[in-house]
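Colleague: Please choose one part of this structure and take a close, unhurried look at it with me. I am in my first year, so explain each term when it first comes up.

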Amino acid sequence: METRANYVLIGAFTLIASIALLGFALWAAKYSSDRSWNEFDVVFREPVTGLSEGSSVQYNGIAVGTVDTLQLAPQDPRQVIARLRVQANAPVKTDTRARMSMTSLTGSPIIQLTGGSPEAPLLVSEDNDRVPIIQTEASALQNISDTANRLVERLDQVLSEENVARISNTLENIEGMTGSVAGQREDLAAIIVNARTASEQLEQTLTTTNRAMTNFDRELVQKLPTLVASLESTLARMDSAAGGADTILNENRAAISSFANDGLSQLGPTLGELRSLVRDLRRISDRLDANPARYLLGRDAPKEFEPE
């Protein structure tokens, strides 16, 4: 009986030890798994059609994790929160950005991480109870969708009822103008013929003008050396004359200075005397014209005898 009790104790101890070892192994595996992966949240403000749990997460084109969960934001159902499970050695930094991307035209969407400058710090949560959040940027699909929406809005504005009515009126005016032009076909033909004739005459005039300008240019080029030589000779003479005048001025500087100081001061009285002399001569001339005999002889001229 005692031997059987020992076997039971040994078996129970062995079973408890095995369970403890198994629990420790599971805890160690979970701890190791948790240490080799990091979790991040990404908040999308656009539809995530095609994205699902288990979708790939890439960093600059390299797979670094998967999408763990997807859920709507409790406070704002227009936003989608994606929980990412990323390798611990992936350099997710504060300037890293997440966006949806397509690996191919027929492939499923993935989350693409980009950015991460060398000087930026690693992204960690300030609160240990919260998961760090990676900022997002608009995806190419979202940009295409926004552009398409803007184009549709502009088309709606362009194709409004008012613009459609204006286009209809314009088409009616064009149709009326086309009918008027068709009715004036003969006049248009005559105008075209006259225009062709005028164009031919203009071409002849331009040809003649071009030929005349060519001949003028040729003659000018031929005469240009002679003209240049004459101009140089003239300039040389003018230079020589200027030099001679400068020499004369230098040689007679004293006389010119004396004339400017003394001669000009006497010029005023001399001009006054000349003015008086001219006045007296004019008075004498007037007297001679009026009565030359009396002025010269001091008496009146003899009267002529006139017989009765």
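Modeller: What follows is a walk along one strand and its partners, with a short look at the rest of the chain. This is a predicted model, in which local features need pLDDT of at least 70 and side-chain atom pairs count only at pLDDT 80 or more, while totals for chains, interfaces and linings use all residues. Residues are numbered from 1 along each chain as its sequence is written, and side-chain values use heavy atoms, with hydrogens and water left out.

To set the scene, the protein chain has 6 helices and 7 strands, where helices (H or I, at least four residues) and strands (E, at least two) are DSSP runs, numbered from the N terminus. Read along the sequence, these elements follow the pattern α-β-β-β-β-β-β-β-α-α-α-α-α. The strands form a closed barrel of 7 strands, running in the order 1-4-3-2-6-5-7 with mixed pairing. Neighbouring strands of this sheet are turned by 35° against each other on average, direction ignored; the angles, which run from 0 to 180 degrees between N-to-C directions, use axes that are lines fitted to C-alpha atoms, for helices over the stretch in contact.

The part I have chosen is strand 1, which covers residues 37-44. Strands of a sheet pair through backbone hydrogen bonds, either parallel or antiparallel. Two strands count as paired if DSSP finds at least two bridges between them. Strand 1 pairs with strand 4 in the antiparallel sense over 8 bridges, and W37 has Q87 in strand 4 as its bridge partner. Strand 1 also runs parallel to strand 7 (residues 133-136), to which 2 bridges join it, and here the bridge partner of D41 is I133. Strand 7 has another parallel partner in strand 5, again a pairing over 2 bridges, and R97 stands opposite Q135 of strand 7.

Which residues does D41 touch beyond its neighbours in sequence? Leaving aside those within four places, D41, which lies in strand 1, is in contact (heavy atoms within 4.5 Å) with I81, A82, R83, V131, P132, I133 and I134. D41 counts as buried at 10% relative accessibility; buried means under 20% relative accessible area, exposed over 50%, and partly exposed in between, with a 1.4 Å probe and protein chains only.

The side chains of strand 1 add links of another kind, namely salt bridges, each being a side-chain nitrogen of Lys or Arg within 4 Å of a carboxyl oxygen of Asp or Glu. One of them joins E39 to R83, with N and O 3.5 Å apart. Because E39 lies in strand 1 and R83 in strand 4 (residues 80-87), this pair ties together parts that are 44 residues apart in sequence. E39 is partly exposed, at a relative accessible area of 37%, and R83 is partly exposed as well, at 24%.

For comparison, the structure holds 5 salt bridges, among them one between R78 and D76, at 3.0 Å from N to O. In that pair R78 is exposed, at 68% relative accessibility, whereas D76 is buried, at 17%. Another salt bridge joins E162 to R166, whose closest N and O atoms are 2.7 Å apart. Those two residues are 4 apart in helix 3 (residues 161-183), so about one helical turn separates them, and both are exposed. Back at the barrel, salt bridges that share partners join E39, D41 and R83 into one network.

Just past strand 4, P91 lies in the loop that leads to strand 5 (96-102). P91 is partly exposed, at 43% relative accessibility, and, setting aside neighbours within four places in sequence, P91 is in contact with Y59, T96 and L122. P91 and P121 are 30 residues apart in sequence but 9.3 Å apart in space, from C-alpha to C-alpha.

Links between distant parts of the sequence can also be counted over the whole chain: among contacts between residues at least 6 apart in sequence, 58% join residues at least 24 apart. Of the 308 residues of the protein chain, 13% count as buried.
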